[in-house]
Amino acid sequence: MEDKRYSAAALTLGFCLFVVAARSAFGDVSYSFPEEMKRGSVIGNVAKDLGLDVNRLSARKARIDTEGNRKRYCDINVNTGELTVAERIDREEICSDAVSCVLHCELVLEGPLVLHRITLNIDDVNDNFPSFQRDVIKIELSESVVKGTRFRLDEAHDADIGINTVQNYHLQRNEYFIVSVHSNTDGGVYCELVLDKELDREQQQELTLTLTAVDGGTPPRSGTVVIHVTVLDANDNAPVFSQSVYKVSLPENSPLNTVVLTVSATDADEGANGEITYDFSRISDKARSIFSLDHKTGRVKIIKSLDYEEDSKFEIRIQAMDSFGLKSDTKLSVSVTDVNDNAPVIIMKSIHSPIPEDALIGAEVGIINVQDRDSEKNGQVHCSVQQSVPFKLVPSIKNYYSLVTTGELDRELVSDYNITITASDEGSPPLSSSKTLHLSVADVNDNPPVFEEQSYSAHVKENNKAGSSVCRVAARDPDWRQNGTVVYSLSPSDVSGAPVSSFVSINGDTGVLHAVRSFDYEQLKSFKVLVLARDNGSPPLSSNVSVSVWIGDENDNSPQILYPSPEGHSFMTEMVPKAAQSGSLVSKVIAVDADSGQNAWLSYHMVKATEPGLFTIGEHSGEIRTQRDISESDHMKQNLVLSVRDNGQPSLSVTCTVYLLISDNLAELPELKDMSYEESSSKLTFYLIIALVSVSTFFLTFIIIVLAVRFCHRRKSRLLFDGAVAIPSAYLPPNYAEVEGAGTLRSSYNYDAYLTTGSRTSDFKFITSYSDRTLPADPTLKKTHASVEDLEGFDGAGNDSQFAGVHGFTTLFIPPCLLPLIYPFIQIINEVIPEKE
Ligand SMILES: *[C@@H]1O[C@H](CO)[C@@H](O)[C@H](O)[C@H]1NC(C)=O
Ligand SMILES: *[C@@H]1O[C@H](CO)[C@@H](O)[C@H](O)[C@H]1NC(C)=O
Ligand SMILES: *[C@@H]1O[C@H](CO)[C@@H](O)[C@H](O)[C@H]1NC(C)=O
């Protein structure tokens, strides 16, 4: 029964630069099936017939679309691919009396968009009974009517078509009449009542007969009408229409009550016999609801608005009947013409919103279907996007359009679009409609955080509190939500050997850097930290910035006096020759300050002096000079209380005392002798004397000579004493580090001064050579021989240094010729008396 035609699908693939894929596939399939199938009945398996993959139907959003937005009579089962009946399909209602009844629908698949046309041929089923216009046909006949006279009877109407329509008439068996069945030119079957035996009004005045109309279906269906015959005396002419066919054409927008036309029939008879009434003899239900016929005048009017899109043609039969029941009929053919009365309709078939901002150019955003129910030019639709948005419509199959992007999207610039699509047809005047669709753009993590500054530098005072904030870095990320949420962290690195995290920490949310410890400018002046800013997207994007932290100096170190020893217990006493002239250099106070800049800018002041006005100190040089010539009246012992101040705010200071002796000969001062006898060497010497005396008297004389020689030697050195300054190495502060840069006193000056002034040494000092051994192993410490030479002019004693690393016993000035003799004793003594440490 099912006649399937399957036309092979033709696939055309077009490719152009901006259209990712333009696809059009046509596959037509057609089914024939009877009307009035139950809802849900299977018409056929479209998927199989079109060779589609049943499993992908639902994914591709398979659906049935009807043309022109009409009722959808069938549906597709996406699970099986079967086309099923969705609505009652009444062939008579859909196609009225058209010979073939065809429905069109489309199977739409997306991704890629494919359209299959499905043609449904609805077969007629004999579901309508033949029926007559009236229940009773009244005929009045003159008894004079001759045998064989024919009377046309109302045609029975059967909504079915072909063989299912009326095929035959049967008349109830009777004496007088038989029926004669005829075919109309337009396929209808009508009958005439034929008088078979003359009537006799006196015998039978009335007759009631039943006429049965039978159709040709299996099983056949029938309808009956009662014919009531009244026997009269006279006979008449039947009415005659002026035209056998009336044709009229109407625009679909004709207003109600428009007169379509007036049919007219004439009857040759006079008077009451010529009175004609008009009636529809054969008319579809739909036409009956649209047209009205004035029974008297034959005027046909419109009583319901026409719609070309629903019915474009009507065929109606009209009969005229005179008062004797003589009839004739005519055909009225009404064709409806199209008017551009339907604006295009834009239907959003699918839309991918939000669309990711990294969508490629030409990516399909949505599918749009445009429909215009009008025909021909009135239904030709053009569709476009009006605004300047990066979208355009690409015509796809038939009246489908793809909305594609024409440029790159950037959510950070435009996060949503209102796209107005305008469709207009080609009618005159054209009708148009528009639809706005809202499209939002979804975020993609395409922006790394960006720091507000190229680099940061922070200045922190030393001695800051641990936990205090150092500076704040800020990075912006314009992405959405977590894609734009910035988290800060420190890039692991080392700052002078320690991990950077032991210096600063960062608040991941606020970007505030905190000091983890208190900084010490004297140890660390600056360091760099690399801060990372990362967003929370996946994958995350990050950037980094370097933060230089400069530690500022605070005046937290008081000046340190290197010479003279600040403790004051030192016997450091300067000799001033009595003959010293005004302005001659007596001594020099040497001080350093671990701070830098102003904080290390030292100034020297005299606080107290035994003889005010005798000595002055250079405010910046620290040099103590005589202010006037020394006179005999000046006291021999002079004490100066000096203070050294730095320039910090507040300034720090230390004081020291310098003892000066105005003398040319140390021997003049017995009390000073005691002062100078000190240290282990003298003690050792004492022990040695005792030891030697007690061990052997044999060498007693030797020892006495040795002591005598030594005494002479010391005298000699005292005579050589010229007041130059000696500074032992032990006065250098431990770990004293040179301050780079901004010191006002050149550090090398400090050290060098110390070294050179010690060149004319006295005999008892433990003087160590000017070498790295005596200085802290600080790499920043710098010393140059050039500086040493610079200072030669300062005290005139920068030449051959006698700095020999001589220790203990050997310090004694013993003539070398005697050494072999006393050496064994020295060894014994060294074993007996542990070296003083
Ligand atoms: C789109 O239209 C909506 C509502 O009409 C409006 O709130 C929104 O601001 C519009 N957006 C743009 C980008 O014009
Ligand atoms: C962040 O970006 C990713 C892609 O990079 C995207 O999948 C995700 O939806 C975005 N998150 C938000 C909140 O927009
Ligand atoms: C810091 O950023 C630069 C480029 O901006 C990159 O080459 C480098 O690898 C980054 N450093 C770290 C530690 O992430």
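Me: Which backbone oxygen does the side chain of Gln-638 reach, and at what distance?

Reply: Happy to start there, with the reminder that this is a predicted model. The side chain of Gln-638 comes to 3.3 Å from the backbone oxygen of His-635. A polar contact here is a pair of N or O atoms within 3.5 Å, and there is a second partner to look at: the backbone nitrogen of Glu-611, also reached at 3.3 Å by the side chain of Gln-638.

Me: Where does Gln-638 sit, and is it buried or exposed?

Reply: Gln-638 belongs to strand S52, residues 637-645. With a relative accessible area of 0%, Gln-638 is buried, because the cut-off for that word is under 20%.

Me: Let's turn to strands. How should I read pairing in a sheet, and in what order do S47, S50 and S51 lie?

Reply: The general idea is that strands of a sheet pair through backbone hydrogen bonds, either parallel or antiparallel. In this case 3 strands make an open sheet with the order S47-S51-S50, and the pairing is antiparallel. Strand S47 (585-588) and strand S50 (615-617) are at the edges; each has a single partner strand, so one side of each has no neighbour in the sheet. On average, neighbouring strands of this sheet are turned by 25° against each other, direction ignored.

Me: How many bridges join S50 to S51, and which residue stands opposite Ile-617?

Reply: There are 3 bridges between S50 and strand S51 (residues 623-626), and the two run antiparallel. Opposite Ile-617 you will find Ile-624 in S51.

Me: What about S8: which strands does it pair with, and over how many bridges?

Reply: S5 and S8 are joined by 4 bridges and run antiparallel. S8 also pairs with S9 in the antiparallel sense, over 9 bridges. For residue-level examples, Asp-65 has Glu-106 in S8 as its bridge partner, and Val-102 stands opposite Asn-121 in S9. As for surroundings, 7 of the 9 residues of S8 are buried, so S8 is largely enclosed by the rest of the structure.

Me: How do I read the backbone angles in the hairpin of S8 and S9?

Reply: As background, most residues other than glycine have a negative phi, and most peptide bonds are trans. The hairpin of S8 and S9 has 4 residues between the strands, and Gly-111 there takes a positive phi near 60°. The peptide bond from Gly-111 to Pro-112 is cis, with omega near -10°. Pro-112 is placed in the loop between strand S8 (101-109) and strand S9 (114-123).

Me: What is the peptide bond from Ser-428 to Pro-429, and where is Pro-429?

Reply: That bond is cis, with omega near -5° from Ser-428 to Pro-429. Pro-429 is in the loop between strand S32 (416-425) and strand S33 (432-442).

Me: What phi does Lys-61 have, and what phi does Asn-463 have?

Reply: Lys-61 is not a glycine, yet its phi is positive at about 55°. Lys-61 lies in the loop between helix H1 (46-50) and strand S5 (63-66), and its relative accessibility of 41% counts as partly exposed. Asn-463, not a glycine either, has a positive phi of about 60°. Its loop runs between strand S35 (456-461) and strand S36 (469-472), and at 38% relative accessibility Asn-463 counts as partly exposed.

Me: Now the ligands. Which residues are around ligand 2, and which of its contacts should I look at?

Reply: A good habit is to list the shell, then look for polar atom pairs. Around ligand 2 are Asp-443, Val-444, Asn-445, Trp-480, Arg-481, Gln-482 and Asn-483. By class this shell has 2 nonpolar, 3 polar and 2 charged residues. An oxygen atom of ligand 2 lies 3.0 Å from a backbone N or O atom of Asn-445. An oxygen atom of ligand 2 is also 2.3 Å from an N or O atom in the side chain of Asn-483. Ligand 2 taken alone exposes 360 Å², and the protein buries 60% of that.

Me: And what surrounds ligand 3?

Reply: The residues there are Ser-491, Leu-530, Leu-532 and Asn-544. An N or O atom in the side chain of Asn-544 is 2.5 Å from an oxygen atom of ligand 3. Taken alone, ligand 3 exposes 360 Å², of which the protein buries 28%. Its shell divides into 2 nonpolar, 2 polar and no charged residues.

Technical notes:
Residues are numbered from 1 along each chain as its sequence is written. Chains are lettered from A and ligands numbered from 1 in the order in which they are written. This is a predicted model: local features need pLDDT of at least 70, side-chain atom pairs count only at pLDDT 80 or more; totals for chains, interfaces and linings use all residues. Side-chain values use heavy atoms; hydrogens and water are left out. A residue is near a molecule or strand if one of its heavy atoms lies within 4 Å of it. A polar contact is a pair of N or O atoms within 3.5 Å; within protein, one must be able to donate a hydrogen and the other to accept it, and residues adjacent in sequence count only if both atoms are side-chain atoms. Accessible areas come from the Shrake-Rupley method with a 1.4 Å probe; for residues, only the protein chains shown count as cover. Ala, Val, Leu, Ile, Met, Phe, Trp, Tyr, Cys and Pro count as nonpolar, Asp, Glu, Lys and Arg as charged, and the others, Gly among them, as polar. Two strands pair if DSSP finds at least two bridges between them. Axes are lines fitted to C-alpha atoms, for helices over the stretch in contact, and angles run from 0 to 180 degrees between N-to-C directions. Buried means under 20% relative accessible area, exposed over 50%, partly exposed in between (1.4 Å probe, protein chains only).
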